[in-house]
Amino acid sequence: MSGKPRLTYLNGRGRMESIRWLLAAAGVEFDEVYLETKEEYDKLIKDGFLLFQQVPLVEIDGMKMVQTRAIMSYIAGKYNLHGKDLKERALIDMYVEGISDLMQMILMFPFSPPDAKEKNLESIKERATNRYFPVFEKVLKQHGQDFLVGNKFSWADVQLMEAILAVEEKLPTVLSGFPQLQVFKTKMSNVPTIKKFLQPGSPRKPPPDAHYVETVLKVFKK
Amino acid sequence: MSGKPKLYYFDGRGKMESVRWLLAAAGVEFEEEFLETRDQYEKLLQGGSLLFQQVPMVEIDGMRMVQTRAILSYIAAKYNLYGKDLEERALIDMYVGGTDDLMGFILMFPFLSAEDKEKQRAVIVQKATSRYFPVYEKVLKDHGQDFLVGNNFSWADVHLLEAILMVEEKKSDVLSGFPQLQAFKARISSIPTIKKFLEPGSQRKPVPDDKYVETVRRVLRMYYDVKAN
């Protein structure tokens, strides 16, 4: 056993991508197992690996962890990315949960029917520019610090960075009204572990394509 | 200011109910402000109290907290219902994640059409009995302890009891194949703070009715055409 965390998911972003980001940001190397067939997934269930019959699964520190939030909370706690006290943790949790609502829209986007895609893209744009980005723009402007919480790099910064890039892939000019976020994005890109993760050859996965959607539907078919 | 936490939500369960359960279980008294009109909601929005323009919102310890999971995590940690270390917290988070997903199938139930409600009732029972209840049944059977994690009362126990009671409201004999959960339900229900919360006159909210649905739709101007998940 390598001692490294081992991630089991499909070979694509989905719900595992935020976990990859967080581990990478923490400078933690990890192994990955990719599900390609329904049989592989059914076997995982049969062998008792998946507490609620679902992935993501992360084997870490002797635990078979499931539930994305639980996994990320554990990683954040372990690698000191969850604030210095309960109040900082509360702020980080609020920010992460808000961003996660936005990421959920992006997560589901590839699976929406063709005639709903334009409407869904409009919703993502509306939420990003009217609900989520303004919050973080204001937070950064008000305290003038580099990081969202407690003047220290945290899970919240990683999650926001991931979200900014994911939205930009769909809407390249989305940051045009958000100067603080533009600066934030540049600063985060230069954090050494994040810089490494953004380079080709890292475990970062590309945007979901038709093949990924097809694999998801095939593996999780009832 | 009373010093008590203050909850801002509709006069009904929704996403706030788990917060009421947890505060009650921790023996913490709280106040509530119920959203009844669109005006009230817009006032809250304009006043900048709602970080992401949404409720639940809980004023607690000088913070205006939003995002149900963040609120629950804070309360759990503050009142020592979150395990003794990172590993126990991880287990609690996993278990709560499961019961949260299960309750997620019930959350939008009141907003469905009559036909979709029947289908969804079957889905709720199927998920409960084949995916979620067996997990907690096994956890309790394997360690033989009174509580889910670390032989200590925690958020996971409160959340599971809430989920069990909600599913039972949809099918009263749903625990018939789960003897451990039946014993668990009886045990946790008799914990003094929980027992008090389960009595009439507590701040526990009833099963959502048409009036609740109408209020939510009117105040938020949303959820008019909800499909089952």
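Here is a short conversation about two contacts in this predicted model, one between the domains of chain B and one between chains A and B.

Visitor: Let's start inside one chain. How far apart do the C-alpha centres of domain 1 and domain 2 of chain B lie?
Guide: Glad to help! Chain B is split into domain 1, covering 6–79 + 198–220, and domain 2, covering 86–191. Between the C-alpha centres of these two domains of chain B, the distance is 22 Å.

Visitor: And how many residues does each domain of chain B bring to the contact?
Guide: Here a residue counts when heavy atoms come within 4.5 Å. On that basis domain 2 of chain B brings 17 residues, and domain 1 of chain B brings 20.

Visitor: Which residues of domain 1 of chain B lose the most area to domain 2 of chain B?
Guide: The two domains of chain B bury about 1600 Å² between them, with 68% of that on carbon and sulfur atoms. Three residues together make up 30% of what the domain 1 side buries. They are Trp21(B), Arg69(B) and Leu198(B).

Visitor: Which residue of domain 2 does Arg69(B) meet in a salt bridge?
Guide: Between domain 1 and domain 2 of chain B there are 3 salt bridges. In the one with Arg69(B), the N to O distance is 3.1 Å, and the partner side chain belongs to Asp100(B).

Visitor: Which helix gives the most to the domain 1 side of that contact in chain B?
Guide: Helices α1 (17–25), α3 (68–78) and α9 (210–220) of chain B each supply at least two residues there. The top contributor, with 5 residues, is α1(B).

Visitor: Now for the two chains. How much area do chain A and chain B bury between them?
Guide: The contact draws 32 residues from chain A and 32 from chain B. Of the buried area, 62% is on carbon and sulfur atoms, and the total is about 2900 Å².

Visitor: How many salt bridges does the rule find across the interface of chain A and chain B?
Guide: The chain A side of this interface includes 10 charged residues, alongside 14 nonpolar and 8 polar ones. The rule does find 10 residue pairs in polar contact across the interface of the two chains. For salt bridges between chain A and chain B, though, the count is 0.

Visitor: Which element supplies the largest share of the chain A side?
Guide: Elements giving two or more residues to that side are β4 (63–66), α3 (68–78), α4 (86–108) and α5 (117–143) of chain A. The largest share, 10 residues, comes from α4(A).

Terms used
Residues are numbered from 1 along each chain as its sequence is written. Chains are lettered from A and ligands numbered from 1 in the order in which they are written. This is a predicted model: local features need pLDDT of at least 70, side-chain atom pairs count only at pLDDT 80 or more; totals for chains, interfaces and linings use all residues. Side-chain values use heavy atoms; hydrogens and water are left out. Domain bounds come from an automatic or database domain assignment. Buried area is the accessible area (1.4 Å probe) that two parts lose on being put together, summed over both. A salt bridge is a side-chain nitrogen of Lys or Arg within 4 Å of a carboxyl oxygen of Asp or Glu. Helices (H or I, at least four residues) and strands (E, at least two) are DSSP runs, numbered from the N terminus. A polar contact is a pair of N or O atoms within 3.5 Å; within protein, one must be able to donate a hydrogen and the other to accept it, and residues adjacent in sequence count only if both atoms are side-chain atoms. Ala, Val, Leu, Ile, Met, Phe, Trp, Tyr, Cys and Pro count as nonpolar, Asp, Glu, Lys and Arg as charged, and the others, Gly among them, as polar.
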